[in-house]
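Please look over the model below before reading on. The paragraphs that follow go from one contact to the wider fold, and then out to the surface.

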Amino acid sequence: MMAFVTIEDLYGSLEMLVFPKILREYSPVLNEESIVAAKGRVSFGDEDEPKFLCESIVPINTAASKEKTLYICIPERNGENLAVLSGFLMKYHGNSPVIIKFADSGKVMKAPEHLRCSLSSPLFSELSEFFGAENVIIK
């Protein structure tokens with residue numbers, strides 16, 4: 001599935017084409033009234049108006065959110081725990097780094113770049129409900 005999105009700034013608006021692969025990756029940040037930075041190229045076809053062909057999208061968070069990190073402690077390093085955590089992080093995709101501690105081994109790892117998150121109340125609530133509030137810290 002492909003999306004046609006209208007993007008605008010203080011100077012005007014433009015239609016942005018988001019191809020299926022890009023849409024799957026960035027759909028969590030494509031919401032009405034979202035403030036994002038889009039990277040891509042402009043296509044000047046036979047149409048009257050140019051089209052923006054999207055290659056990537058990054059949500060623009062407040063400066064405070066960008067500087068903070070999500071620390072989470074999960075019971076053990078297994079497929080189920082990591083799958084659940086990855087699902088939450090992809091749902092709330094953003095720019096903030098994530099540090100994961102495994103309670104059973106004490107090992108700590110930084111989550112891959114594609115699992116960076118947007119530090120929001122809904123994410124914090126969902127992680128706290130699933131893993132326990134004492135295991136979710138933002139600082």
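In what kind of contact do the side chains of Glu-15 and Lys-51 meet? In this predicted model, they meet in a salt bridge, with a distance of 3.0 Å from N to O. The contact links distant parts of the chain, since Glu-15 belongs to strand β2 whereas Lys-51 belongs to strand β4, which covers residues 51-59, and the two partners are 36 residues apart. Glu-15 counts as partly exposed because its relative accessibility is 27%, a value that lies between the limits of 20% for buried and 50% for exposed residues.

This pair can be placed within the overall layout of the chain. There are four helices and nine strands, and, read along the sequence, they follow the pattern β-β-α-β-β-α-β-α-β-β-β-α-β. Taken along the principal axes, the box filled by the C-alpha atoms is roughly 60 × 30 × 20 Å. Of the 139 residues in the chain, 35% are buried.

The pattern opens with two strands, and these deserve a closer look. Strand β1, made of residues 3-9, pairs with strand β2, made of residues 12-18, in the antiparallel sense, and seven bridges connect the two. The connection from β1 to β2 is a hairpin that runs through two residues. Within this pairing, Phe-4 stands opposite Leu-17 of β2. Strand β2 is also the strand that holds Glu-15, the partner of Lys-51 in β4.

In a regular strand, side chains alternate between the two faces of the sheet. With that general point in mind, one may turn to the surface patches to which residues of this region contribute. Met-2, Phe-4 and Phe-19 form a nonpolar patch on the surface, and together they have about 280 Å² of accessible area. Met-2 is placed in the segment before β1, and its relative accessibility of 33% is the reason why it counts as partly exposed; that value also satisfies the requirement of over 30% that applies to members of a patch.

A second patch is of another character, being negative and formed by Glu-8, Asp-9, Glu-32 and Glu-33. Glu-8 lies in strand β1, and because its relative accessibility is 66% it counts as exposed, the limit for that class being over 50%.

The remaining question concerns the other charged contacts: how many salt bridges does a search of the whole structure find? The search finds four, and among them is the pair of Glu-15 and Lys-51 described above. Another joins the side chains of Glu-126 and Lys-91, at 3.1 Å from N to O. This pair too links distant parts of the chain, with Glu-126 in helix α4 (residues 121-131) and Lys-91 in helix α3 (residues 79-91), 35 residues apart. Glu-126 is partly exposed because its relative accessible area is 23%, and Lys-91 is likewise partly exposed, with a relative accessible area of 44%.

A further salt bridge is formed between Arg-116 and Glu-113, whose closest N and O atoms are 2.8 Å apart. Here the two partners fall into separate accessibility classes: Arg-116, with a relative accessible area of 21%, is partly exposed, whereas Glu-113, with a relative accessible area of 51%, is exposed. Both values lie close to a class boundary, so the labels should be read together with the limits of 20% and 50% that define them.

Notes. Residues numbered from 1 in each chain as written. Predicted model: local features only at pLDDT ≥ 70, side-chain atom pairs only at ≥ 80, totals over all residues. Heavy atoms only, no water. Pairing = 2+ DSSP bridges. Patch = residues over 30% accessible without salt bridge, like charges linked within 9 Å, V, L, I, M, F, W, Y side chains within 5 Å. Areas by Shrake-Rupley, 256 points an atom, 1.4 Å probe, with all protein chains shown as cover. Lys, Arg positive; Asp, Glu negative; His and termini not counted. Charge placed at Lys NZ, Arg CZ, Asp CG, Glu CD. Buried < 20%, exposed > 50% of the residue type's maximum accessible area, 1.4 Å probe, protein only.
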